[in-house]
Amino acid sequence: MLNTFATRALIKLELARALRNRKFLFFSVIYPSALFLLIAGNADSKTKIDGTGLTLPTYMMVSMASFGALTAVLMGNSERIAKERESGWVRQLRLTTLPGRGYVLAKTASAAVVSLPSIIIVFVVAAAVKDVRLDAWQWLALTGAIWAGSLVFAALGVAIGYLASGDAVRPITMITYFGLSMLGGLWMPTTTFPQWLQDIAKWLPTHAYAALGRSIEQSQTPAAQDIAILAVFFVLFAGGAAWLYRKDTLKA
Amino acid sequence: MVGMTMTAATTSTTPVVGFDQVSKTYGSVRAVDGLSLQLYPGETVALLGPNGAGKSTTLDLLLGLKQADGGTVNVFGTSPREAIVAGRVGAMLQSGGLMDEVTVTELVRLACDLHPKPYKVADVLARAGISQIADRKVNKLSGGQAQRVRFALATAGDSDLIVLDEPTTGMDVSARQAFWATMRDQADQGRTVLFATHYLEEADAIADRVLVLHRGRLLADGTAAEIKAKAGARRISFDLEGAIDEAPLRGLPFLATIDISGQTVRIQSTDADATVHALYGLGVYPRNLEVAGLGLEQAFVAITEAEEAKQSC
């Protein structure tokens, strides 16, 4: 009872802080929409992407919404956790009633609150500027799927935050972030990749993540393989994060 | 030392904190080595020792931030974590980083929200003397101001035990004095206060009991006055000509140790002035007289060695 209250208090403050951080807001909320306009800007609404039956703007809308959510949860968790672990703030919090998991939960929750507008703004821009039209249920399902799917990357962010420290955390986060974004086909369809790269890309969680959204756009049931990939990565990242967290707690 | 423990034991039999044969090793370094101690309700206790004596490790063990390799740590009869969750312990860490990009008020409000028996935010700010900087961002504070914010976090609620690890680090003299005045208020409300310091003067001014830690062991446990007398030990050395009559020399007042080899006499005294005065009273003519201070650590080591030697006789 109290512990939920404690966690909520931290979420509230984490959130206030995230909303005050202009750089973070720009990269997670504005940047994906801007990138969408840049990529889909000159595309007409007729050309279809190979093998999907989706127009370029429709296709890129899911990619960029996924990319925005990924940015918010991955960046929000990894660097901050690493930094606060080092400064001793995490230790100070362990001297309060906040349960151990509460810290990670608060970080993830506040990141998730930022990722929601990032998804919705991409949708609004796509609908208003590039005339993307979907059914009401599709809009809702898309929002829900992309938002929920971002938890996989939130767990990854926590794991990186507890794995890396000091100067190492930023490069590790950036390589993971750009690697997953590009290879997973969030910036350009993987169908433009050479075959060998496509074979690698289809196993990446980001690829499965975007495929989930596209299947909703195509009014299809999501592929079992994509759901399985996301589930396996979630278990892997969350398990790794939990293990690293416990190790850090014993060491501190 | 015995007297202090007795007084405390008669006022209450339940210790606030109990260490029983606690050890903590890092690699080959024994940071805490078979430490046993008890703190009783209402005491203001200083944990005194040089850097590397094991003060921070002791506090970390007390707060459950580290797990002991051996022995047991008890806080209010429970584990440290349980005592913290029950809101009985407020603590301020030496290197306690703060959440940045938030204001002082926001951070203190969080601390109040996280405490089971919180005080009003405005009161906590006022008591820690940070009402004027309440709207400032935490990452824009000076070292001394940040220490006060940490103190506010430690006193956000009605805790029974306040633990402070070198709380005045980074404060100038006047800030230090103001801080200890605030601290004394906490003690006056009947709280048990435990603070680590390497300044004997701080321990003397604030604490009614001083624990001296050296290489992870408890070297001395007594009132500040007792400890001060011990730590005030000085080394006296001089030469005497002719045959030395040892008995009167050994009878000099305030001797901790005496060593006579050849014509040279070396004395450690807890009151060098009185010892030297008495020395001249013996009618001898000491040559090459030297009186030098002992460092805190050295003084304690010398005194413990002397006591151990006495016991083994």
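The following questions and answers look at chain B of a predicted model, taking a sheet, the domains, and the contact with chain A in turn.

Trainee: In which order do the three strands of the open sheet in chain B lie?

Mentor: The edge strands are a good starting point, since E2 (29–39) and E4 (70–75) of chain B each pair on one side only. The pairing in this open sheet is antiparallel, and the twist from one strand to the next averages 25°. Read across chain B, the order of the strands is E2-E1-E4.

Trainee: Which residue of E4(B) is the bridge partner of B:Gly18?

Mentor: Strand E1 of chain B covers residues 17–26, and five bridges join this strand to E4(B), the two running antiparallel. In E4(B), the bridge partner of B:Gly18 is B:Asn74.

Trainee: What angle does the direction of helix H2 of chain B make with that of E2(B)?

Mentor: Helix H2 of chain B, made of residues 55–62, packs on the sheet and touches E1, E2 and E4 of chain B. Relative to the direction of E2(B), the direction of this helix makes an angle of about 60°.

Trainee: How far apart do the C-alpha centres of the two domains of chain B lie?

Mentor: Chain B is divided into domain 1, with residues 17–228, and domain 2, with residues 233–293. Between the C-alpha centres of domain 1 and domain 2 of chain B, the distance is 42 Å.

Trainee: Which residue of E12(B) stands opposite B:Phe238?

Mentor: Strand E10 of chain B covers residues 234–239, while strand E12 of chain B covers residues 264–269, and the two pair in the antiparallel sense over six bridges. Opposite B:Phe238, in E12(B), stands B:Val265.

Trainee: Which residue of E13(B) is the bridge partner of B:Arg235?

Mentor: E10(B) also pairs in the antiparallel sense with strand E13 of chain B, residues 287–293, over five bridges. In E13(B), the bridge partner of B:Arg235 is B:Ala292.

Trainee: Which element gives the most to the side of chain B that touches chain A?

Mentor: The contact takes 22 residues from chain B and 22 residues from chain A. On the side of chain B, the elements that give two or more residues are helix H3 (80–85) and helix H4 (104–113). With three residues, the element that gives the most is H4(B).

Trainee: How many nonpolar residues does the side of chain B that touches chain A have?

Mentor: Sorted by class, this side of chain B has six polar and three charged residues. The number of nonpolar residues on the side of chain B that touches chain A is 13.

Terms used:
Residues numbered from 1 in each chain as written. Chains lettered and ligands numbered in written order. Predicted model: local features only at pLDDT ≥ 70, side-chain atom pairs only at ≥ 80, totals over all residues. Pairing = 2+ DSSP bridges. Helix = DSSP H or I, 4+ residues; strand = E, 2+ residues; numbered from the N terminus. Axes fitted to C-alpha atoms, helices over the stretch in contact; angles between N-to-C directions. Contact = placed C-beta atoms within 7 Å. Domains from an automatic or database assignment. Nonpolar A, V, L, I, M, F, W, Y, C, P; charged D, E, K, R; others polar.
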